[in-house]
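Student: I have a new structure open and would like some help reading it. Could we go through it piece by piece?

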Amino acid sequence: MNAYRTFATAARVLRQLRHDPRSIALMILVPCVMLLLLRYVFDGSPQTFDSIGASLLGIFPLITMFLVTSIATLRERTSGTLERLLAMPLGKGDLIAGYALAFGALAVIQSVFATGLALWALGLDVTGSAWLLLLIALLDALLGTALGLFVSAFAASEFQAVQFMPAVIFPQLLLCGLFARRDTMQPILEWISNALPMSYAVDGMNQVLHHPDVTGDFVRDVVIVAGSALLVLALGAATLRRRTT
């Protein structure tokens with residue numbers, strides 16, 4: 001990998017995204033709108049919003065970043081842009097890292113907006129530090145970015161990229177502990193949930209929700225989510241094809 005080429009790739013992607021306001025709106029505004037709707041769905045029961053709002057603060061950014069990143073990357077691949085770039089002295093690692101940096105920058109903005117809205121406008125009541133909540137939200141968004149980059153290598157069209165969502169995101173959503181405690185699930189499902197990164201994203205949010213200080217479980221959750229994002233990025237670089245055909 002070459003740092004100059006990586007940052008040059010990130011700058012090119014950001015310049016392109018600047019001319020795509022719909023994608024920017026989807027990444028930054030949709031999680032905020034979803035949190036706003038959720039708050040007033042439970043308008044008569046603020047405790048319910050407090051109990052699930054923190055978890056969804058991590059889940060919504062992951063889903064939106066997965067969707068936008070997979071489609072945007074696939075669009076560049078099917079248009080021949082990636083093939084032309086890889087014909088140059090640009091490594092696969094440079095390309096994937098550049099895309100990750102570009103979308104990661106937007107993930108930071110997204111996480112700041114969503115966390116600020118939940119805590120200071122919607123009154124989400126958490127026991128721990130807001131900075132820890134922001135950290136988990138950011139890592140979740142970066143994980144969604146990594147997953148989107150990875151699955152884009154296996155899709156032949158934007159429609160197929162969207163089809164990966166039920167296969168990659170929905171099982172994690174059902175098994176992450178949002179709807180039922182993981183230790184009450186059927187043992188095989190509990191075992192599967194223990195292998196899915198979204199489970200640790202939700203656990204990390206719940207640690208901040210209920211504990212004033214950093215716990216050992218919180219550190220474990222952060223390491224697993226961050227490690228999963230790095231692992232998926234490495235797999236994305238390994239599976240990236242130099243030719244689109």
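Student: Let me start with one residue I clicked on: in which helix is Ala118 found?

Tutor: Ala118 is found in helix α5; please keep in mind as we go that this is a predicted model.

Student: And is Ala118 buried or exposed?

Tutor: Ala118 has a relative accessible area of 1%, and since anything under 20% counts as buried, Ala118 is classed as buried.

Student: What does Ala118 touch, not counting residues up to four places away in sequence?

Tutor: With those residues set aside, Ala118 touches Leu35, Leu57, Gly123 and Leu124. Arg77, by contrast, is 41 residues from Ala118 in sequence, and the C-alpha atoms of the two are 36 Å apart in space.

Student: OK, stepping back, how many helices and strands are there in the chain?

Tutor: The chain has 11 helices and 0 strands, so reading from the N terminus on, every element in the run is an α.

Student: How does the radius of gyration of the chain fit with a compact globule?

Tutor: A compact globule of 245 residues would have a radius of gyration near 18 Å, and the chain agrees with that because its own value is 18 Å. Taken along the principal axes, the box that the C-alpha atoms fill is roughly 55 × 40 × 30 Å.

Student: What share of the residues is buried?

Tutor: Buried residues account for 51% of the 245 in the chain. As for the surface, the chain exposes about 11700 Å², and 68% of that is supplied by carbon and sulfur atoms.

Student: Which residues touch the most other members in the largest nonpolar core?

Tutor: That core has 46 residues, and the ones touching the most other members are Ile59, Leu124, Leu133, Leu147 and Ile169. Several helices each supply at least two of the core residues, among them α2 (21-41), α5 (92-121), α6 (130-151) and α11 (216-239), while α3 gives the most, with 10 residues.

Student: Why would nonpolar side chains be together like that?

Tutor: As a general tendency, nonpolar side chains in soluble globular proteins are buried together.

Student: Pick Leu133 then, what is it in contact with, leaving aside neighbours within four places in sequence?

Tutor: Leaving those neighbours aside, Leu133 is in contact with Ala54, Leu57, Thr115, Leu119, Leu124, Val126, Met205 and Val208. Apart from the core just described lies another one, of 16 residues, including Met27, Ala72, Ala100 and Leu106.

Student: Back to α5, where I also see Ser111. Is Ser111 buried or exposed?

Tutor: Ser111 is buried, with a relative accessible area of 1%. Not counting residues up to four places away in sequence, Ser111 touches Leu134, Ala137, Leu138 and Ala141, whereas Asp213, 102 residues away in sequence, is 21 Å from Ser111, C-alpha to C-alpha.

Student: And what about Val108, how does its accessibility count?

Tutor: Val108 has its place in helix α5, but its relative accessibility is 39%, which means that Val108 counts as partly exposed. Its C-alpha atom is separated by 9.1 Å from that of Leu139, a residue 31 places apart from Val108 along the chain.

Student: Last topic, charges: how far apart are the mean positions of the positive and negative ones?

Tutor: The chain has 16 positive and 15 negative charges, and the mean positions of these two groups are 17 Å apart.

Key:
Residues numbered from 1 in each chain as written. Predicted model: local features only at pLDDT ≥ 70, side-chain atom pairs only at ≥ 80, totals over all residues. Heavy atoms only, no water. Helix = DSSP H or I, 4+ residues; strand = E, 2+ residues; numbered from the N terminus. Rg over C-alpha atoms; globule rule 2.2 N^0.38 Å. Buried < 20%, exposed > 50% of the residue type's maximum accessible area, 1.4 Å probe, protein only. Areas by Shrake-Rupley, 256 points an atom, 1.4 Å probe, with all protein chains shown as cover. Lys, Arg positive; Asp, Glu negative; His and termini not counted. Charge placed at Lys NZ, Arg CZ, Asp CG, Glu CD. Core = buried A, V, L, I, M, F, W, Y, C linked by side-chain atoms within 4.5 Å. Contact = heavy atoms within 4.5 Å.
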